[in-house]
Amino acid sequence: MSDTRTKLMLDLQRIEKEKYQLREGEQHQDFLPLLLQYIGDPQPELRDELIYPMFYMWIKEENRFSDEELRSLLTVLIDENHLFYMIGSGENPSVFTRTFSTLPIALIVQRHRQNPFFNPAEIEQIMQAILRYYKEEKDLRGYLSEGGWAHSAAHGADVFVELVQCEESSDAMRREVLIAISGKLHNGIHIFSDEDDERLVNIVDTMIDKELLPHQEIADWISGLAQCCNWPRSRSQVVARVNSKNFVRSLYFRRGHDSRGNELIDVMLGTEAKLNRFSIR
């Protein structure tokens, strides 16, 4: 274990104990290079329990970063050494760097929504980066016995939840997000078992709740999830069908109490019946 890493862990443990306050002579900027260097550390105690909470407290709770600092932090987070580090590779520890770069991006976009500082072109750039990430990320594992949470689909979904609510996001961009969700559900290999589907549902639930796209468009998209039932029988088809079925069920139970979208409820029930091989027709 490197001395730098050990010192960072001790510093972060101390800062956490002291309720995220810095001592005299310390600046939050001094810690940023190391937080970014070890953002994807394979050990969850550094990555998940110390570094991410530090970003959470300093960006969301304490508002320590200026707009310019957040802008330059974002530039690093979406670069080839962070969000796109070894993108497209199979199952290896590089996934942690990618997925734990997405979480602070979500915090930064949330800050922008509360107090705007990005221009529309910058929001579009972030949206395109996350859409590209979602398309190219191949490691879809949830919780790993060695290393803890990877959760790429869930963490990416958290950013989309923030982005679709940005005033700068267009309907066209929101439609691209729906296509990205379909692509994730129909990924061909991985059936989500660590509640990634619930995090994906957050996006569509938000779109319905805040009327970010016409209900009819969302209804048509939900119906379209059942098209995989017409594919030739294969493992890929099973993955698409089961992920889509679980997604539609999660969305139904999230929206079922809402009388405003009755036509959506009918579409969800009809789509679930198509996706469910065990339903009695």
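## Close-up views of a predicted model

**View 1. The largest pocket.** The largest pocket has a volume of about 340 Å³. Its lining counts 17 residues, and Tyr134, Lys135, Glu137, Gly183 and Lys184 are the closest to its centre. Two helical stretches recur here: α6 (120-136) and α8 (171-185) are the elements that give two or more residues to this lining. The model shown here and in the other views is predicted.

**View 2. Make-up of the largest pocket's lining.** Which element contributes the largest share of the lining of the largest pocket? That element is α8, with 5 residues. Sorted by class, the lining holds 8 charged, 6 nonpolar and 3 polar residues.

**View 3. The second largest pocket.** The second largest pocket encloses about 200 Å³ of space. Its lining is made of 13 residues. Nearest the centre lie Ala106, Leu107, Gln110, Asp158 and Glu162. At least two lining residues come from each of α3 (44-61), α5 (94-114), α7 (152-164) and α9 (196-209).

**View 4. Make-up of the second largest pocket's lining.** For the second largest pocket, α5 gives the most to the lining, namely 4 residues. By class, 6 of the lining residues are nonpolar, 4 are charged and 3 are polar.

**View 5. Trp149 and its contacts.** Trp149 sits in strand β2, which covers residues 148-149. Is this side of the strand buried, partly exposed or exposed at Trp149? Trp149 counts as partly exposed, because its relative accessibility is 31%, between the 20% limit for buried and the 50% limit for exposed. Residues up to four places away in sequence are not counted among its contacts. Beyond them, Trp149 touches Arg47, Asp48, Phe96, Phe100, Gly142, Tyr143 and Asp194.

**View 6. Trp149 and Ala240.** Trp149 and Ala240 are 91 residues apart along the chain. Their C-alpha atoms are separated by 23 Å.

**View 7. Arg5 in the first-numbered helix.** Arg5 belongs to helix α1, residues 3-17. Is Arg5 buried or exposed? Arg5 is buried, because its relative accessible area is 10%, and buried means under 20%. With neighbours within four places in sequence left aside, Arg5 is in contact with Tyr38, Asp41, Gln43 and Leu46.

Conventions: Residues are numbered from 1 along each chain as its sequence is written. This is a predicted model: local features need pLDDT of at least 70, side-chain atom pairs count only at pLDDT 80 or more; totals for chains, interfaces and linings use all residues. Side-chain values use heavy atoms; hydrogens and water are left out. Buried means under 20% relative accessible area, exposed over 50%, partly exposed in between (1.4 Å probe, protein chains only). Contact means heavy atoms within 4.5 Å. On a 1 Å grid over the protein atoms alone, a cavity is a set of points where a 1.4 Å probe fits but cannot get out, and a pocket is an open set with protein on both sides within 12 Å along at least five of seven lines; lining residues have an atom within 4 Å of a point. Grid points are joined across faces, edges and corners, and a volume is the space filled by probe spheres set on the points. Ala, Val, Leu, Ile, Met, Phe, Trp, Tyr, Cys and Pro count as nonpolar, Asp, Glu, Lys and Arg as charged, and the others, Gly among them, as polar.
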